[in-house]
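Open the model in your viewer and keep the sequence panel beside it. The stops below say what to select and what is found there.

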Amino acid sequence: MPIDLLVPTFQRTNRCLTRHCRVDVDDRPAGGHPHGVAAAASTEYAKAAAADDDDDCSEGVVQVSQVNAGPLPSGIPSYSVTITNTCLDCTVRDVHVSCGEFASTVLVDPSSFRRLAYGDCLVGDGGPIGPGETVCFEYSNSFIYSMDVASVSCGDI
């Protein structure tokens, strides 16, 4: 039976302009968390709340979350990624994420996320991500990639 929950944005859009959206989830565990999407989302909210306490613009105000988006028709797992600027009064740009040998079996819009070199991926073409804004994309591979914010620049371009 579907449950209507408010969870972080996991859309198939390149740039999400809101911090949250309504999605329907069913009772099955998902998102790689043993207790499902809702538990994974609450974990991400806790991280974001801690980052909101930071007055300074830094890597800590940008949060990366991933959930299992289910397999493609070919059976290859897919993952939904949301990169959020949790700072409520600062704009970040030139967001770089450590991403290992990131690759996807489906095209990821390079204006949303692209690998520049081993371990270095650029978010949103390096452009500004305003307060509370998110960049979302999906990728597919036989395993999930570890992604952490490596660096950000602060302020408008």
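## The whole chain

Begin with the surface of the protein chain, whose accessible area comes to about 8,100 Å², with 53% of it belonging to carbon and sulfur atoms. This is a predicted model, and buried residues make up 42% of the 157 residues in the protein chain.

Switch to a cartoon. The secondary structure comes to 1 helix and 10 strands, and along the sequence the elements follow the pattern β-β-β-α-β-β-β-β-β-β-β. Among contacts with a separation of 6 or more, residues 24 or more positions apart account for 64%.

## Colour by confidence

Colour the chain by pLDDT before going further. The mean for the protein chain is 75, and 64% of the residues reach 70 or more. Which elements have the lowest and the highest mean pLDDT? Strand β3 (residues 20–25) has the lowest, at 31, and β8 has the highest, at 98.

Select residues 1–43. The pLDDT stays under 50 over this stretch, for which the model has 86 contacts beyond four places in sequence. Then select residues 45–55, where the pLDDT is also below 50. Beyond near neighbours in sequence, residues 45–55 have 17 contacts in the model.

## The four-stranded sheet

Hide the rest and show β6, β7, β8 and β10. These strands form an open sheet of 4 strands in the order β7-β8-β6-β10, with antiparallel pairing. The edge strands are β7 and β10, each of which pairs on one side only. On average, neighbouring strands of this sheet are turned by 30 degrees against each other, direction ignored. Strands of a sheet pair through backbone hydrogen bonds, either parallel or antiparallel, so backbone atoms are worth displaying at this stop.

Look at the pairing of β6 with β8, which is antiparallel over 2 bridges. Select H96 and find its bridge partner in β8, L122. Now move to the other side of β6: 5 bridges join β6 to β10, and these two strands run antiparallel. On this side, select R93, which stands opposite S153 in β10.

## The disulfides

Select the sulfur atoms of the cysteines. How many disulfides does the structure hold? There are 3.

Start with C57 and C154, which are joined by a disulfide with an S to S distance of 2.1 Å. C57 lies in the loop between α1 (37–52) and β4 (62–71), while C154 is in strand β10 (residues 148–154), so the pair ties together parts that are 97 residues apart in sequence. Is this disulfide left-handed or right-handed? The torsion about the S-S bond is about -90 degrees, so the link of C57 and C154 is left-handed. C57 counts as partly exposed at 25% relative accessibility, and C154 counts as partly exposed at 35%.

Next, select C99 and C121, a disulfide with sulfur atoms 2.0 Å apart. C99 is in the loop between β6 (92–98) and β7 (113–117), and C121 is in strand β8 (residues 120–123); the pair links distant parts of the chain, 22 residues apart. With 85 degrees about the S-S bond, the link of C99 and C121 is right-handed. Both C99 and C121 are buried.

Finish the cysteines with C87 and C90, whose sulfur atoms are 2.0 Å apart in a disulfide. Are these two residues buried or exposed? C87 is buried, with a relative accessible area of 3%, and C90 is buried as well, with 12%. Both values fall under the 20% cut-off for a buried residue.

## Last stop: E59

Return to the loop between α1 and β4 and select E59, which has its place there. E59 counts as partly exposed, at 36% relative accessibility. Which residues is E59 in contact with, leaving aside neighbours within four places in sequence? The contacts of E59 are with V149, A150, S151 and V152. To close, draw a distance from the C-alpha of E59 to the C-alpha of S151: the two are 5.7 Å apart in space and 92 residues apart in sequence. The disulfide of C57 and C154 joins this same loop to β10.

Definitions and conventions
Residues numbered from 1 in each chain as written. Predicted model: local features only at pLDDT ≥ 70, side-chain atom pairs only at ≥ 80, totals over all residues. Heavy atoms only, no water. Disulfide = S-S within 2.5 Å. Buried < 20%, exposed > 50% of the residue type's maximum accessible area, 1.4 Å probe, protein only. Contact = heavy atoms within 4.5 Å. Areas by Shrake-Rupley, 256 points an atom, 1.4 Å probe, with all protein chains shown as cover. Pairing = 2+ DSSP bridges. Axes fitted to C-alpha atoms, helices over the stretch in contact; angles between N-to-C directions. pLDDT = per-residue confidence, 0-100.
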